[in-house]
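Visitor: Please choose one part of this model and take me through it closely. After that, show me what else is worth looking at in the rest of the chain.

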Amino acid sequence: MGKELKILLVEDNAGDAFIMEESLAEIPDYSFNITKTETLKESVSKLRETNFDVVLLDLGLPDSNGLTAVESILELQLSFPIVVITGLDDNVTGNKAVEMGAQSYMVKGQFTSNSIFQTIQYSIERTKFLERIKANEAELAKKNKALEEVISSKNMLISIISHDLRGPLNSIVSLLELINDEFDEIDSASKKKYLNSILKSANNTRDLMENLLEWAQVESNRKKAQPENIAVKNLMNESTAALEQMAAQKEIELDVIIPEDISVFADKKMITAVIRNLVSNALKFTPRGGQITVSAEPENNQKINFKIEDTGVGMEKETVTTLFELEKTTSTKGTEDESGTGFGLILCKEFIEKNGGKMNIESKKGEGTTVSFSLPYRSPSFRN
């Protein structure tokens, strides 16, 4: 037995349906599994529940008027072709059906077994060809979108480099030139003040450079997560240790509340960068004398929920919604003029998602911000 084709024959005239079946039976090397319907309603129902290779659609149905049947079936967005069967010498209607989206048409009284088969074959192959074109167009659109995002990211990086790197570097150079040119005339207190300013600018520039380099590696797919079992309390203590001095300088209470025996399965370097960025941001935007609480707790032995809560300046709802949009990232000063681009948050989101987690930010202007994220859980029996 040859190849089988599944056909939906929509024809309310029993004589015409019989002629079509007999004509198809004469075609060698093929068998035809024919399902017959007599109304548009019944046909639509069949098409919603069954796939066919082709629909042979007579336009003279009792519950539809001419091309309305074609329109109704096209609305189903089928992946297989429609071949319209028109009345005697009605080429005009057939052409209109093709213009609407049918693949071809046949005129009653003018077709033979061979012409029916040729029309069916043509319609099936043309549909496959159009589907390939559609798939290629979708892939091209996807690639164009990716290219636009790359260009947007490149432009943003150039903007960050030109503004947030050049500014601090110019400040460092200017202060060093001042100290160098007037070293003997500058008193010790002023020298110390200038050096502290240089150190502050250098540290901020270093942090930004680290974020830029890490993000660039992520975007180029060179940096992949290498998860391992990590004790959460040790991870948090190591990540926040370097920030304790910054907290002390601003007289901010930094509380780390972590249970002893919980662990996560994640890339240690990535999550260390996440915690460093999030706590650093909280410190920048929390006024002197404020409080920051870093906590973690397990949920259903499936994940660990982390929170970094501050009593800082907070943000408007509109600002929160654009925090992870690279093209809308803006430079924002901290409560004591600390630099910040918001770029670190984008990096944090990327790293958390690469480790199978999700990130969320809640904030209220004048009241503070809570950043939360989750990571896959590991059992309390683990020891790092």
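Guide: Strand β9 (residues 291-299) is joined to β10 by 8 bridges, and the two run antiparallel. Two strands count as paired if DSSP finds at least two bridges between them. Strands are DSSP runs of E with at least two residues, helices are runs of H or I with at least four, and both are numbered from the N terminus. One bridge partnership to find is P298 with I304 in β10. The hairpin has 3 residues between its strands, and N300 there takes a positive phi near 55°.

A word on the model itself. It is predicted, so local features need pLDDT of at least 70, side-chain atom pairs count only at pLDDT 80 or more, and totals for chains, interfaces and linings use all residues. Residues are numbered from 1 along each chain as its sequence is written, and side-chain values use heavy atoms, with hydrogens and water left out.

Now follow β10 (residues 303-310). Its side chains alternate. I304, F306, I308 and D310 point to one face and are buried. K303, N305, K307 and E309 point to the other face and are not buried. Buried means under 20% relative accessible area, exposed means over 50%, and partly exposed lies in between, with a 1.4 Å probe and protein chains only.

D310 leads to another loop. E367 sits between β11 (359-364) and β12 (368-378). D310 is one of its contacts, along with T311, G312 and V313, once neighbours within four places in sequence are set aside. Contact means heavy atoms within 4.5 Å. E367 and G314 are 53 residues apart in sequence, but their C-alpha atoms are 5.7 Å apart. E367 counts as exposed because its relative accessible area is 53%.

Next, the other end of the chain. An open sheet of 5 strands has the order β2-β1-β3-β4-β5, with parallel pairing. Its edge strands are β2 (30-37) and β5, each pairing on one side only. Neighbouring strands are turned by 25° against each other on average, direction ignored. Strand β1 (residues 3-10) runs parallel to β2, and 8 bridges join them. I7 stands opposite I34 in β2.

Look at V10, which is in β1. V10 counts as buried because its relative accessibility is 0%. Beyond its neighbours within four places in sequence, its contacts include T37, T39, S43, V55 and L61. V10 and E38 lie 28 residues apart along the chain, with 5.7 Å between their C-alpha atoms.

T39 takes us to helix α2 (residues 40-49). At the start of α2, a side-chain oxygen of T39 reaches to within 3.1 Å of the backbone nitrogen of E42. The buried residues of α2 are L40, S43, V44 and L47. Seen down the axis of α2, they fall within an arc of 100°, so they line one face of the helix. The arc is that of the directions from the helix axis to the C-beta atoms. An α-helix has 3.6 residues a turn, so residues three or four places apart point the same way. The buried residues of α2 pack against β1, β2, β3 and α3. The exposed residues K41 and E49 are on the face turned away from the buried side.

Two more helices lie across the sheet's strands. Helix α1 (residues 14-25) lies across β1, β2, β3 (54-58), β4 and β5, at about 165° to β2. α4 lies across β4 and β5, at about 165° to β5. For these angles, axes are lines fitted to C-alpha atoms, for helices over the stretch in contact, and angles run from 0 to 180 degrees between N-to-C directions.

Stay with α4 (residues 91-100). T93, G94 and A97 are its buried residues. Down the helix axis, they fall within an arc of 100°, so they too line one face. Their cover includes α3 (68-74), β4 (82-86) and β5 (104-107). Turned away from that buried side are the exposed residues V92 and E99. After α4 comes G101, with a positive phi near 140°.

Finally, the whole protein. It has 11 helices and 12 strands. Of its 384 residues, 39% count as buried. Among contacts between residues at least 6 apart in sequence, 70% join residues at least 24 apart.

Terms used
A polar contact is a pair of N or O atoms within 3.5 Å; within protein, one must be able to donate a hydrogen and the other to accept it, and residues adjacent in sequence count only if both atoms are side-chain atoms.
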